[in-house]
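Student: Could you take me through one part of this model up close? I'd like to hear about the cysteines and then the charged pairs and the strands that go with them.

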Amino acid sequence: MTDREQFLQLYLDAEREIRCFLRMLVRNQTDFEDACQAVALNLWKSFDSYDATRPFGRWARGVAINVVYQQRRSGMRDPILFPPEVASDILDAYELSLQSEPSGAERVEALRKCVDALPARSQKFLELRYGESLSLADIAKLVGSTVGASQRALSRIRACLARCVEQRMAIVRGLS
Amino acid sequence: MSKRTDLNDLIAGYLDDVLTADEAELLVRLLSTDPHTVEEFTRVAQADALLQDVLDSKRQESYAAVLRERMGTHFDVSWRQRLEPADEVPTPAKSSTKSIGRGDRRLRMILGLAASLLTITVGLWMYSQWNQVRPFPDPGSVADAEDPSAPVATLVRTKRMKWGQYDDIADGTRLRVGESIRFERGLAEISYETGTIAVLKGPADATFRPNRLLEIRRGTVTADVAEGDEGFRVDTPTATVVDLSTSFGVSISDEEETNVVVFDGGIDLHLGGRESADNEPMGHSKLNTAPRYMTAGDGVLIDPLGGISRLVAFNRASFPTSSTFDTAPARGNRLITAVQDSFSEGETTKCYQIVSAGLVDDAPAYVDRVYQWNGVTEAGIPKFLLLADYVMTFNDDKYVHRLEMDVTLAAPATLYVFLDDRVPQPEWLTSAFEDTGENIGLDEVHYPRRGKETPPLGAGKSIDSTFSIWKREIPQAMTVRLGSLEIRQAFDAADTAMYGVAAVPLDSNRDTLNP
């Protein structure tokens, strides 16, 4: 297997978790897409320095932090809110959450089941917010509610989903 | 919107991009100093990121378009075969306009497409799952056991009603299986043919289903189930309540939480979400789950995914009844706004009820008994307590040692505690409160069955025990901690009762609060 093939295989396996981590830091969608591309390029460029005995995903996300903070200096549309040391703490917590995870696909499957179990109104909120990328004001209009109530509803749904995914992942870990 | 200080609100504000500069600074400060905040932030933000990654249908559609195009020309979707013809393969639209070298461009296209292929596979599958039309099953389409043309209930009356975008329904209209009642604001009193009364509070969306099932998608219902109508059911997306001779309340909040409280008698609570009810009328498959028995005074909160926890307290006005139609709404602000206690989750399912401007003769005293507060003489309860806010506590708490009860007051107030004269005076009371020298009586009615025994009405009648009224002036809005009764082991606790709690505004505020 060539270096390029090896890199692609590792990158594809880790891509979702890299993107998810970047999304936690980079909120502007355009900045985020730029960051994803810049991270991919930098990973390829520095692939020679990757120690194959270590997990690729962890290494890649470490590179990702450096890249986005360089990008921040070079000018983002919306600056990252957090200082690098906070981003580093978030990365540690993120890595902890991925520890012993059978695969990224398991987490997606867990999320799908958790969303499936939500009431229709909650699913509607998610569809409008994430599927249609609507603003809170637009969501509030569509569901006949206020901006504050819509935000509280979304917050509650996210918290429920996070809890549900964790519980499902714990079960998966127990079975694997 | 007021400034966010709660961690969950701050995280939500960050994820929804609505934080002010001050709030953002506070979130960063918390993240910089508190590991727990980092954990919580990561947990919720990770769910948000995954949702965005999976649910971004616009991106999925663009990938899907690429796939469809290539599949149409027998294109092999394996990423390996993407490597060589990369320059000729269109990549999904990207927003970056940055200049990159030819080698980088090639790699970027390779990476973009290769990465997209994995996403295509997962994305298309997710997309199909997500966009699959899976509405709630319509129980009305299931063969009804009852004559669908026969009315099952009547809309008796409404109050402060705003139908809004929904069809008006006139008072007196007979309601049939399959019909719905929807309104934006107000109250609707519905009388079933069986005698059961259901009061709906808007915004509400409810449908009458066969076999005495009321399906609630939104709003609050308080049901007073008639004798002989046991088995009456209220169904929500996450739970089904089956009456066992009782009155109970069910509400679904904007946050998709379901509260279930029992005022009298008992119910069976069946939990279950959509997953278990896809192909059956709502509530049907939930009935196959093991019920959780709830009795008077119990309250639970069910989250949108069916997780259950204790409901610690609620305001009684949240669950209007028929009597609400005949009384004017309390004016002014609520004085007692919250009650918490030291019970851990799982130790009790009892739930405090806060009654705003509700202390009068014959007012219910406890959530788990039908005892009433009354004046010890026909003169009635002391005037300074009339229409006070008060807390219906649990009489069973009299047995609990080391109880801590936190009562939150929204304004300066005089806080009153009613202490059973048969109980030793606890130190937490004597050290901070003073005995007013006034008394209030408790009318104890022992385990009445509905319709068979009614407590005597009126002041000074059937008083079983006397309580001393203690008071403490609270000069500002704050939370006051109360303690437990210090009943000795040898003491016959069965002949005593738990203390009561009431509050009235300090004189300077009384005009602006509950009159």
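Tutor: Here is a walk from the cysteines of one chain to the salt bridges and a small sheet in the other.

Keep in mind that this is a predicted model. Let's start with the sulfurs. The count comes to one disulfide over all chains, and A:Cys114 and A:Cys164 are the two residues it joins, with S to S at 2.0 Å. A:Cys114 sits in helix H5 (residues 104-116) of chain A and A:Cys164 in helix H8 of chain A, so the bond ties together parts that are 50 residues apart in sequence. With a torsion of about -85° about the S-S bond, the disulfide is left-handed. Both A:Cys114 and A:Cys164 are buried.

What about A:Cys160? Its sulfur has A:Cys164 as the closest cysteine, but at 8.4 Å that is too far for a bond. A:Cys160 is buried too, at 2% relative accessibility. A:Cys36 is likewise in no disulfide, and the nearest cysteine sulfur, in A:Cys20, is 9.6 Å away. A:Cys36 has a relative accessible area of 8%, so this residue counts as buried, the cut-off being under 20%.

A:Cys36 brings us to helix H2(A), where it is one of the buried residues. This helix runs over residues 29-45, 17 residues in total, and spans 24 Å from first C-alpha to last, close to the 24 Å expected at 1.5 Å a residue. Twelve of the 17 are buried, so to speak of H2(A) as mostly covered is fair. The buried set includes A:Asp31, A:Glu33 and A:Asp34 as well as A:Phe32, A:Val39 and A:Leu41. At the start of H2(A), A:Asn28 puts a side-chain oxygen within 2.9 Å of the backbone nitrogen of A:Thr30.

Now the charges. Over all chains there are 31 salt bridges. One of them pairs B:Asp16 with A:Arg158, with the closest N and O atoms 3.0 Å apart. That pair crosses between chains: B:Asp16 is in the loop between helix H1 (7-15) and helix H2 (21-33) of chain B, while A:Arg158 is in helix H8 (residues 147-175) of chain A. B:Asp16 and A:Arg158 are both buried.

Moving into chain B, look at the open sheet of three strands, ordered E14-E19-E23 with antiparallel pairing. E14 (336-341) and E23 (478-482) of chain B are the edge strands with a single partner strand each, so one side of each has no neighbour in the sheet. Neighbouring strands here are turned by 20° against each other on average, direction ignored. E19 (residues 405-409) of chain B and E23(B) pair over five bridges, and B:Met405 stands opposite B:Leu482 in E23(B).

A salt bridge also links those two strands: B:Arg481 and B:Asp406 have their closest N and O atoms 2.8 Å apart. B:Arg481 belongs to E23 and B:Asp406 to E19 of chain B, and they are 75 residues apart. B:Asp406 is buried, at 16% relative accessible area.

The edge strand E14 of chain B has a charged residue to show as well. B:Asp341 forms a salt bridge with B:Arg310, the closest N and O atoms being 2.7 Å apart. B:Asp341 lies in E14 and B:Arg310 in strand E12 (residues 308-310) of chain B, 31 residues apart. B:Asp341 and B:Arg310 are both buried.

Methods
Residues numbered from 1 in each chain as written. Chains lettered and ligands numbered in written order. Predicted model: local features only at pLDDT ≥ 70, side-chain atom pairs only at ≥ 80, totals over all residues. Heavy atoms only, no water. Helix = DSSP H or I, 4+ residues; strand = E, 2+ residues; numbered from the N terminus. Expected span 1.5 Å × (residues − 1). Buried < 20%, exposed > 50% of the residue type's maximum accessible area, 1.4 Å probe, protein only. Polar contact = N/O pair within 3.5 Å; in protein donor to acceptor, adjacent residues only side chain to side chain. Pairing = 2+ DSSP bridges. Axes fitted to C-alpha atoms, helices over the stretch in contact; angles between N-to-C directions. Salt bridge = Lys/Arg side-chain N within 4 Å of Asp/Glu carboxyl O. Disulfide = S-S within 2.5 Å.
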